[in-house]
Every structure is written in structure tokens, then in C-alpha cells.
Amino acid sequence: GAVITVNMTGGDGYGEPEYLAENSPQAAVFNAFIANKKQDNQALDRYFSKSVLENYAKTNPIDRPYSGPKYYVDQTPRRLRILDTKMQGTDKAEVTFSVDRYSSGGPFGSGNTWSNTQTVPVILEDGVWKVDTELFYF
């Protein structure tokens with residue numbers, strides 16, 4: 001399968017990443033990652049399932065994922081890599097991705113990289129692929 005990557009550079013001249021226009025399980029994860037970085041609650045609503053949003057609203061009745069100054073925004077440059085997509089019928093999938101984070105320093109100024117790999121469920125809801133887990137913070 002194809003590998004989709006997006007780099008978050010913290011404003012180092014690479015421009016703002018754009019949302020993918022396609023409707024696929026991979027694009028739902030990719031776009032949720034972009035919405036997270038941009039702190040875009042309207043976009044988060046588009047890329048997460050109704051049940052996730054309803055559950056979040058029940059447990060956080062006066063809050064949104066990014067609704068105030070108490071939310072720390074991770075400015076660490078990072079890259080999302082979609083590693084695998086496993087379809088489960090026609091309306092469910094599991095998307096495995098890795099987020100690589102970069103920091104300066106290290107021996108000889110070479111910097112450091114560390115990665116976190118996760119698998120998330122994605123469902124087809126009203127004809128649109130949506131992340132079906134409360135993973136707002138990549």
C-alpha cells in the first residue's frame with residue numbers, strides 16, 4: 001500500500017500542511033492529525049465519528065479539545081506516516097501510523113528522533129470515513 005506522510009516543521013519554511021480531499025480511512029487519520037496540529041475543532045468534528053464526539057461531550061460538557069489556554073500545544077516538529085490499512089468489510093478499517101518527533105541537539109548537533117506507532121479504528125459513517133476513537137492528541 002501507499003505511504004502517506006506529513007511533516008510538521010514548526011514554521012521552518014515548509015508551509016502549512018493541507019487537508020486531503022480524498023475520502024479514505026488513511027485520509028481520515030491524516031486529516032485528524034492536521035486538525036490536531038491546527039487546533040481546528042470544526043475539522044475535528046468532521047474527522048471523528050459521532051459516537052466519539054458524543055462521548056467526549058458527555059465527559060467534557062463545557063470543553064472542547066482546544067477551547068482554552070490550559071491546553072498545551074506541542075510545537076515539536078513531527079511527521080505522520082501511514083504504515084498500513086486493514087479493511088474489515090466495507091465500512092470498517094484499522095489504520096496503523098507512526099508519528100516521528102524531532103528535536104535539536106544530541107551528539108554533534110545531529111538531533112534526536114523518536115517515534116510512536118499506533119493503530120486506530122476508522123469507520124464509514126454517512127458515506128465519510130471517520131476516526132472511531134478518542135485520539136485527539138497525536
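Biologist: In this predicted model, is helix α1 mostly covered or mostly open, and how many of its residues are buried?

Modeller: A general idea helps first: an α-helix has 3.6 residues a turn, so residues three or four places apart point the same way. In this structure α1 is mostly covered, with 12 of its 14 residues buried. The buried residues are P25, A27, A28, V29, F30, N31, A32, F33, I34, A35, N36 and K37.

Biologist: What span does α1 reach, and what is the sign of phi at Q39, which follows the helix?

Modeller: From its first C-alpha to its last, α1 reaches 20 Å, close to the 20 Å expected at 1.5 Å a residue. Q39, which follows α1, has a positive phi, near 55 degrees.

Biologist: Which residues have the most contacts inside the largest nonpolar core?

Modeller: In soluble globular proteins, nonpolar side chains tend to be buried together. Here the largest nonpolar core has 23 residues, and those with the most contacts inside it are V29, L80, F97 and V122. At least two residues of this core come from each of α1, α2 (41-47), β2 (78-87), β3 (92-103), β4 and β5, while α1 gives the most, with 7 residues.

Biologist: Which residues does V122 touch, once those up to four places away in sequence are not counted?

Modeller: V122 touches P25, A28 and V29, and its list also includes D91, K92, A93 and V95, as well as W129, K130, V131 and D132. P25, A28 and V29 are among the buried residues of α1.

Biologist: Where does D132 lie, and which residues is D132 in contact with beyond its neighbours in sequence?

Modeller: D132 lies in the segment after β5, and, leaving aside neighbours within four places in sequence, D132 is in contact with S49, S51, V52, P121, V122 and I123. The C-alpha atoms of D132 and F48 are 6.1 Å apart in space, although the two residues are 84 apart in sequence. D132 is partly exposed because its relative accessible area is 25%.

Biologist: How do β4 and β5 pair, parallel or antiparallel, and which residue stands opposite V128?

Modeller: Strand β4 (residues 112-125) and strand β5 (residues 128-131) pair in the antiparallel sense over 4 bridges, and E125 stands opposite V128 in β5. Their hairpin has 2 residues between the strands.

Biologist: What phi does D126 take, and is D126 buried or exposed?

Modeller: Most residues other than glycine have a negative phi, and most peptide bonds are trans. D126, in the loop between β4 and β5, has a positive phi near 55 degrees. D126 counts as exposed because its relative accessible area is 63%, the cut-off for exposed being over 50%.

Biologist: Where is confidence lowest, and where is it highest?

Modeller: The protein averages a pLDDT of 81, and 75% of the residues score at least 70. Confidence is lowest in strand β1 (residues 5-8), at a mean of 50, and highest in β5, at 96. Over residues 7-13 the pLDDT is below 50, and this stretch has 12 contacts in the model beyond near neighbours in sequence.

Biologist: What pattern does the protein follow along the sequence, and what share of the residues count as buried?

Modeller: The secondary structure comes to 3 helices and 5 strands, and, read along the sequence, these follow the pattern β-α-α-α-β-β-β-β. Of the 138 residues, 38% count as buried. Among contacts between residues at least 6 apart in sequence, 54% join residues at least 24 apart.

Technical notes:
Residues numbered from 1 in each chain as written. Predicted model: local features only at pLDDT ≥ 70, side-chain atom pairs only at ≥ 80, totals over all residues. Heavy atoms only, no water. Pairing = 2+ DSSP bridges. pLDDT = per-residue confidence, 0-100. Contact = heavy atoms within 4.5 Å. Core = buried A, V, L, I, M, F, W, Y, C linked by side-chain atoms within 4.5 Å. Buried < 20%, exposed > 50% of the residue type's maximum accessible area, 1.4 Å probe, protein only. Expected span 1.5 Å × (residues − 1).
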